[in-house]
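Reader: Please take me closely through the part of this model where nonpolar side chains are packed together, and set it against the chain as a whole. I would like to know which residues and elements build that part, and how the aromatic rings beside it are arranged.

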Amino acid sequence: MPQAQPAERKYVAFISYRHKPADIAWAKWLHDEIERFVVPDSLVQQGHPKRLRPVFRDQEDLPVDANLSKSLETALEGSGCLIVVCSPRTPESVWVRQEIERFRALGRGDRILAVLIEGEPDQSFPEPLRFVDREVVTQAGERVVIRDRVEPLAADVRPGGGQEASTKVRNRKALVRVVAAILGVGFDELWQREARRRRRVMQTWIASVAAVMLAMAGLTGVAVWQRGVAKEQEQLAKANEREAVAAGERALERLIFTEAGSRADANPAIMRLILRELPAALRTELPASTRDKWLKNSDDQLRLRLRGHEGLVTAVAWSPNGTSLATGGRDGRVLLWEIATLASPSVVTQHRGEISALEWSSQGNVLATSCINGLVKIIRTDSMEIKQVDIGEPVTSLNMSKDGTFLCITSTLNSRGESRISISEVSEFGNGRSGYGAIAGGARWCPVSQRVLVLPNNGGNAFIVDMRQPDSSMVPLEAPDPLAWFAGAEWSPNAQFIASASYDNVTRVWRAHGEQAVQELPEVLDNDNYTKVPVRDVSWRYDSEYLALYARYSGKAVIVWDMESGQPYSISFEDQLRDVAWQPLGDKLLILTDDGVMSLWDSVTRALQWTKNVGDVGSFSWSPDGTQFVTTLSDGTVCIWSTGGYPEPKVVGLQVDSEVGTSGLEYSPDGRYLAEAFGDGRFRVLSTDDWSIVYAYDYGMWIADMSWSPGGNLIAIAGGKNTIEIIDPITKRDPTVFGSRRDLAGSIDAIAWSPCGDYIASAANDRNVMIWQVGARDVVIKNVVMEDQVHDLSWGEGGKKLIVAAGNRVCEIDLQGAGGGSRILDVHNDVVTSVSWSESSGYVVSSAKDGVVSVVEPSDQSFNQRFVFDWRALPYSHMREIDSVAWSPDGKRVIAGSKDRIARVWSLVDSRPCIELRGHDKWVDAVAWSPDGNEVATATGHRGVRIWIVDWHNIRRMLWHSTGAYLFAQERIDILGETPAEASANEAIDRAWVAELVAAKREGRPLPEPPVTPRRR
């Protein structure tokens, strides 16, 4: 009869084992086989359960010197028996020993069963399993503890240990022996019952096979006859399948691109890049709102490169709605680009000479063009009707009134720079009528009316003309001094004021009705030589609250006046200014210098947001909505840029007021957590799901380095206390501390966990590199003394080698060699700050204080240098020291953080940065790459961690996941880790759902729910 089980018993058995690969595998096998075992019916009729469930097996790799957790004690108390998996590694486990002692204390010593998987019993059985202590009282009244040797119940699965030649039979007998102990019955009785059950199953199987063979014999003749027909049908079916798959993928692609645009969480940068690769036939099917959203909200720095002109592009103009771009070049052609669809450009017109100016009407239905030889054309873009007038003088600019009624043409009279303006009604253009003409330097239209500000040619007064009555409405703007010539002027966006710059270096603000200047802005001195800044032009912000003053083609500073407070802000540059333009409806100011550097300045934060050397820029122009701008380069390329200039980061975590910076930043191997260590001793772990802080700890002194265990559940930190502490951020147990040695002269500066998880390498500032065995306190299995102080180290070749940054050199230590020999890479001229090995590519990357990042390929003979990323070659980088480098998971890219407050992602394809991550308030102390390669984290230690999306290479795959569509079988294997059989089955399920989804959308039926198959996290 079965033994009575207490009512509180929750588990039939508790499996205790050492957390090593072989022991874990056998524990899992026992767990699965016991729960799968079917108790014979004859025993079930006696009161035994049909299934032995549940069996308890812990899932966590726990610290070696902690006490049993409450959950484990509860599981032991609620278990009917204890199964101990025994190997030569088991006696070293404190956990297994505590679990056996606790189970004996419960009075269940006779319910302990050993399963011997390796070694001999004396070396594999833990001491509490072989001996039992009991207390006796001697005749003298003394209490004495006597240790009795016991022979535990044991099942043997060792090869030859069970005397069976067949592994299958040996393992089955061991399982039956374990089950018999759980049930409380004899082994022979249960084995005989099991043998009878197997014989009945075999007989049933043989009878079934015989019946199937008879049926197959009868069908053989028919099969032979049908073979030819089947072959033809198979070929036809394959052809139909290929066509169906192609049609399904086209329908799926259309569905994906349509549905993705409507998702609020879809990444616009990914959307836009996919849009560029989308076939033209599908591109035209996308809703206009979707296209606009993808294009206008992109975080990409350089969105598009347009090539269509032969030679220099001399003029650009956005259409009022921002969907089209007109470009003119030295080849005399005017091209119209549809930015929304990215279609090939259309040729609007052809001039006989270089295009000098382009101008759109406010409605976007009229495009005015001019060339350097004096021909001006007005083209209706809806009907392509063209009117033209030959001015007879080189045309330099075109300006259309805001309502599109009048066109102002500025032409050059002579070599002395004198100009003429002529203003005509657009509707009467080409009929020989001119509404107004004057010798003047230029004209500026009022934003809200048909008034125009006419600037003098060389000295004299400016004046305002109302084009509704040009002969009687002239209002002068009288300069107070004959030398105060007007150099530039502009209406305020609210049309209430006019700002002017003059050659006496005084900036004046006038009322728009032409009265005396109401304000003169104080002169601004150059900080370098304390001379007056020669203001030659002005530009208003969209809200009329800020005014930018700059010296076109001379001077090195832009002065921004806050018109409300009357306070100026200065933006200085190293080269001469060339042009300045405010962002439409925005706070940013685009600045171009003569050396080809474009900068984006934020008037709210008063800081440069983006700077890039783009080369020889011919002209630039904002899009009407201010989300992008266009530049023309000397090589004939038209570039469209975003306003962000770099991927917009997500700042996570809490602000950390730490002046010492971040000393470590690393994702957990599964990507679920991000750990950050600070130089002042603080340490925290963030959840990547919601970026909340799941664990915080104070080391007590400065932390120098940190490293995740390969299993992803433990973190090692080290620093000024000269100790290594192993932290469990999930269970939050007390840290395991080791490494403090009296013979060490200094603190630990770098640590790294080995790929197998059994060792930790550390480097102290006394030049000692040590390898510690995890789990054995203060046991150093290898010690190498370097010639210079070690700043960083990394494991290589699966733990066979150690890469060390020591002084100005990178050393490779062979851990398998008898003498621990090393090789030296001598490519840096300054102190090496960081080093990392890529298991994917086999390369080693190192960085130094001189701003050089070197990538080398170790070989049998020497280090072969492959790439050099040199900060010194970047013209806009000033503080070039590199503090941290990290490999992408695929080993194809490197991210490095610098003291110039920029983190750069470099591609191994060439030696140029492919992405620049800007916006850090201090130098970048630490960088880390997410395990999936889609994100990088950067930290300065002052304002939290920044998370950047940097990987657009697997766009289609990422998008399919975001829209809920299917992944191909190979992608499911690569991304989700499914087996080939699971991937094939789940792909078929997903394909069927997508086909039903497409049909439902086409027929207007309710959309089916997505299948419940694993999705990428």
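Author: Accessible areas are obtained here by the Shrake-Rupley method with a 1.4 Å probe, and on that footing the chain exposes about 46,600 Å², of which carbon and sulfur atoms supply 49%. The model is a predicted one, and every value below should be read with that in mind. The chain has 1017 residues, and 51% of them count as buried. Its secondary structure consists of 14 helices and 67 strands. Among contacts with a separation of 6 or more, 46% join residues that are 24 or more positions apart.

As background to the core, nonpolar side chains in soluble globular proteins tend to be buried together. The largest nonpolar core in this chain has 32 residues, and those with the most contacts inside it are Ile15, Ile34, Leu52, Ile83, Val115, Val178 and Ile182. At least two residues of this core come from each of strand 1 (13-16), helix 1 (21-36), strand 3 (82-86), strand 4 (112-116), helix 7 (167-183) and helix 8 (187-261). Helix 7 supplies the largest share, eight residues. Apart from this core lies another, of 18 residues, which includes Tyr11, Leu82, Val84 and Phe125.

Leu52 gives a useful view of the larger core from within. Once its neighbours within four places in sequence are left aside, Leu52 is in contact with Val12, Ile34, Glu35, Val39, Val179, Ile182 and Leu183. Two of these partners, Ile34 and Ile182, are themselves named with Leu52 among the residues that have the most contacts inside the core.

Helix 1 deserves a separate look. With 16 residues, helix 1 reaches 22 Å from its first C-alpha to its last, which is close to the 22 Å expected at 1.5 Å a residue. Its buried residues are Asp23, Ala27, Leu30, His31, Glu33, Ile34 and Glu35. As a general point, residues three or four places apart in an α-helix point the same way, because there are 3.6 residues a turn. The buried residues of helix 1 pack against helix 7 and against strand 1, strand 2 (55-57), strand 3 and strand 4.

The aromatic rings come next. Nine aromatic pairs are counted in the model. In one of them, the rings of Phe14 and Phe56 have their centres 4.8 Å apart and their planes at 25 degrees, so the pair is stacked. This pair links distant parts of the chain, with Phe14 in strand 1 and Phe56 in strand 2, 42 residues apart. Tyr11 joins Phe14 and Phe56 in one aromatic cluster, and Tyr11 is also among the residues of the core of 18 residues.

The surroundings of Phe14 and its ring partner can be described further. Phe14 is buried, with a relative accessible area of 0%. Phe56, at 15%, is buried as well, because the term covers values under 20%. With neighbours within four places in sequence left aside, Phe14 is in contact with Phe56, Leu72, Ala75, Leu76, Ser79, Cys81, Leu82, Ile83 and Glu99. Among these partners, Leu76 is 62 residues from Phe14 in sequence, yet their C-alpha atoms are 6.5 Å apart in space. Cys81, another contact of Phe14, counts as buried at 4% relative accessibility. Elsewhere in the chain, Cys371 is buried at 0%. The count of disulfides in the model comes to zero.

Two sites elsewhere serve for comparison. Thr940, found in the loop between strand 66 (935-939) and strand 67 (945-949), is buried, with a relative accessible area of 3%. Beyond residues up to four places away in sequence, Thr940 touches Gly661, Thr662, His920, Asp921, Lys922, Trp923, Val924, Asp925 and Arg946. Glu490, in strand 25 (residues 486-491), is partly exposed, with a relative accessible area of 26%. With the same sequence neighbours not counted, Glu490 touches Phe497, Ile498, Ala499, Val538, Ser539 and Trp540. The C-alpha atoms of Glu490 and Ala501, eleven residues apart along the chain, are separated by 9.2 Å.

Definitions and conventions: Residues numbered from 1 in each chain as written. Predicted model: local features only at pLDDT ≥ 70, side-chain atom pairs only at ≥ 80, totals over all residues. Heavy atoms only, no water. Core = buried A, V, L, I, M, F, W, Y, C linked by side-chain atoms within 4.5 Å. Buried < 20%, exposed > 50% of the residue type's maximum accessible area, 1.4 Å probe, protein only. Helix = DSSP H or I, 4+ residues; strand = E, 2+ residues; numbered from the N terminus. Contact = heavy atoms within 4.5 Å. Expected span 1.5 Å × (residues − 1). Disulfide = S-S within 2.5 Å. Phe/Tyr/Trp six-rings, centres within 6.5 Å; stacked < 30°, edge-to-face > 60°.
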